[in-house]
Amino acid sequence: MNKSEIAGAGMAMEPEGARTAGEGPAAARTLPARKRVAAVVALAVAQWASPALAQEARDATQAAPATQTAQASQARLATETEAQPDPNRLQSVVVTANKRVEKLESVPMAISVLSEETLQRNNVREIEDVVALTPSLTQASGTTAANNALFMRGIGTVSVGIGVESDVSVIIDDIPIAVQFQAFRDLADVSRVEVLKGPQSTLFGKSAVAGAINIVTKPISGPVVYRGSAYYTNDHEWRLAASVGGRMTDTFGMRIAVNKSDMPGNFTNLTTGEKVNGSSGKTMMAKFTWTPIPNLDIDFMPQYNEQSNTRGVTAVNAFYRTTGSAANGDLARVPVDLSTAYMNGNPQLPATLVLAGIDPTNPDNRSVRRDFPTGISSRTTGTGLKLSYTLPNDAVLMSISSWQRYKANDSRDQDFTDVPTIARPGETRFTVGNSQFGSYDIRSKTQELRLVSPDGGALRYVAGLWWARNEIDRHFIRGFCVAPVRCAANSPSSPTNYYTDIYNVNKAVFGQGTWDFAPTWTLVAGVRRNLEESGFNYERSFYTDQLDRSTFVPGPVGVDVFSSSGNEDWATTGKLSLQKQLNADWMVYAMTATGHKGKAYDVTSGLRASAAFPVDPETSRTYELGAKANLFNNRLSIAATVYKTDFEHYQQNTSFVLPDDPTIYTQLHSIPKIRTKGFELDANMLLSANWSVNAALAYTRPGIVDWKNGPCYQDNTNPAIGGTGLGEGGSLGGWNRQCFPIRAGATTGIQDLSGGVFPGTPKIKVNIGSNYDMRFTSLPFRAFVNGNVRYQGDYQTNINNDPRSVNAGYTIADLGFGIREAGDRWRLSFRVNNLFDRFYIPNANASGPSFRAGPTSTSPNITVDSWVPPRDVFRYFSAKLDVKF
């Protein structure tokens, strides 16, 4: 491991009692360095052009300090090869949550770690798989992957606009991504994932107000090794990957990894015969490390990714009317005759036409009709440059620079059918479909200077300077409206056509110290002072045939053109913890920390003049009590945490639809106060030398503390009384009974959601995994069997607390087995995901079409449910081959 990896690269699995981080062997090769490099590059390019095999297992050895001679390296390699990990003890886990290498059991904060072994065993491909294995994480799925959001301890940011940052930061090899949805892509060549729970703003800055996910790719270490992997499932998903990496000389090492994947999808588009709700990706990552002079390491890390994602297509899976009233206790479902149903009550759109070949009453319906794509295609290019210099006192001074550009095109079929739903000007017959599409162009630059003290001594510290600039351009077109019609926001199909750009520049100074002020007491204190400058430009028209800048004509300033720049936001965040080592086995701690996320802008298609002013920053404060232990001679490790975190001025985009209008509208809210509290438990057990078990539990209770003007939900069992437009108890007719006019005579309603449930997270989420190795003394291979069971309870999916938007709980079990060569040169594994074929619906309020039980706009409403199934809602089988040489 070179010095940059020691000071800030990531986390490693270290055998109990093995060398300290920073030591390790280097392997001399017999070929001249120039020929070796040329051969490796040629092979990597060949693998990229015609993908072979790849998913990397853990490198067993560490890279040598540059000051070691080849002879010393070889001697050390021989010595350490003989020192195998103790099979009767758990391996120690090393993390960098505090931007320095520390053992997990010594860090006074809640961290969940997915090791490379866990990632490989569960065939983890993307961030959604990480969420499934980590109880403290949940995910909110939007209309496309660009609207997805990660939740930590029940808190995350759902946003369809570029002016609202996430609450959970994602960092890859010390470099944070600019926008959270960029993380929804293939996780190529990943070694470990650290899930840092609670506010992490002190060391990781803005967008970590609720937590951070630290992704560490595989390091350059040991002799050159070639690895490959091939994966295939019975529903035609495939993955191919290859990598090569290692130390070429004492002063130069490299690693190149490529992979390609394709998941066709679990829906069938009857219009085209193609599969949708899938994804595919192609990734190349490289690392080059060079030690030009003693004590200086230079790491260069270019990367490239192409991603195509068709998720977000919804299928109708319930079709019924309701009668009676929940208040009267006689609410009932009534089946609907498809021949009498019409989309939006329009006689040109009978259900038998728009849903031809589809059974909308089938709860697991997987057939759709679409004549316009839904999804997002992206391309990411970027690089990182890390310089690490070891000072005479063994402190490390680091410079970490990055540049990244993300370009994407997204689209969505807004009418959910392949039948035209819009008439051209002067015509009554429908000839145009309702769709939306747009583009993203995101440019990010970062620069960090970091000073890391030596590991020894009673006082250890990390200090640094941070600078980052993000620029995001967005073009978006929705609906259909062309001249000679006068187009406006309230025109049919709610047309819009806008260009907007956001920028933010962040500057910060930060520091954190760890002080062993008594033999068994440790104090950790940190502070960050941050300055953010931000602004935006916005131009809109409503003519959807103005497809590019050359034809685009915005509306008047102050009505359709807004801008704001130079908005400064100063913030100070901090962290303080006190820990006590009770004995050799147990440690307890108390910790508090604050988080801060900058100002937000409501730059969506519904922008009004008032939105030209930014929404207040979001802040958080957490209190955490925890205990960590290694028991039974390090055969059982436990980490338990209780916490409470308050968020003020929480920034949230709320999406909603109106009656007989499938268009999805959004509005940015600043919720005065929300809170999450709960309990978490992580445990790892070594039952025998070849049988391990891991378990994790999260009890999470996020709630709305104060929000008196929350959004309402529709309820046609609350009819208007007489001609007042008001329903039961003075509530708005057609809306829930807690929804009252925002002012007398208004048709816009609000409800007091104080004390309500914050959506998106079940109370209970559990994950249990196990692996058993079978060794045969007379055979050159071993067998293994592993399994994983995860459970989550029911949970609310809509912030308006609609009781119909509750997802039922479920339990999913996976089973794996296979054989591997004793030296691990090859491994053949098989897996059954969703072993018992347990059916579940993860998103009870997915958007879909509107229907009425008759060909008029006043015909009775039909309740239409839609869904987007996750990868494992249906049982599937997979086979995987891993090789190395």
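**Internal cavities and a nonpolar surface patch**

The largest cavity is lined by 48 residues, and those nearest its centre are Glu165, Ile177, Ala178, Lys206 and Ser207. Two or more residues of this lining are given by each of the following elements: strand 7 (168-172), helix 6 (201-204), strand 26 (435-452), strand 27 (459-478), strand 28 (496-518) and strand 29 (521-541). The model analysed here is predicted. Strand 26 supplies the largest share of the lining, with five residues. Divided by class, the lining of the largest cavity comprises 21 nonpolar residues, 18 polar residues and nine charged residues. The volume of the largest cavity is about 690 Å³. In total, 17 cavities of 30 Å³ or more are found in the structure. Empty space of this kind is revealed by rolling a probe the size of a water molecule over the atoms.

On the surface, a nonpolar patch is formed by Leu687, Trp691, Tyr772, Met774, Phe776, Leu779, Val785, Leu815, Phe817 and Phe830. Together, these residues have about 800 Å² of accessible area. Strand 38 (764-775) and strand 42 (810-821) are the elements that give two or more residues to the nonpolar patch.

One of the patch residues, Trp691, lies in strand 35, which covers residues 691-706. The relative accessibility of Trp691 is 37%. Trp691 is therefore classed as partly exposed, because this category lies between the limits of under 20% for buried and over 50% for exposed residues.

Notes
Residues are numbered from 1 along each chain as its sequence is written. This is a predicted model: local features need pLDDT of at least 70, side-chain atom pairs count only at pLDDT 80 or more; totals for chains, interfaces and linings use all residues. Side-chain values use heavy atoms; hydrogens and water are left out. Patches are made of residues with over 30% relative accessible area and no salt bridge: like charges are joined within 9 Å, nonpolar side chains (Val, Leu, Ile, Met, Phe, Trp, Tyr) within 5 Å. Accessible areas come from the Shrake-Rupley method with a 1.4 Å probe; for residues, only the protein chains shown count as cover. A salt bridge is a side-chain nitrogen of Lys or Arg within 4 Å of a carboxyl oxygen of Asp or Glu. Helices (H or I, at least four residues) and strands (E, at least two) are DSSP runs, numbered from the N terminus. Buried means under 20% relative accessible area, exposed over 50%, partly exposed in between (1.4 Å probe, protein chains only). On a 1 Å grid over the protein atoms alone, a cavity is a set of points where a 1.4 Å probe fits but cannot get out, and a pocket is an open set with protein on both sides within 12 Å along at least five of seven lines; lining residues have an atom within 4 Å of a point. Grid points are joined across faces, edges and corners, and a volume is the space filled by probe spheres set on the points. Ala, Val, Leu, Ile, Met, Phe, Trp, Tyr, Cys and Pro count as nonpolar, Asp, Glu, Lys and Arg as charged, and the others, Gly among them, as polar.
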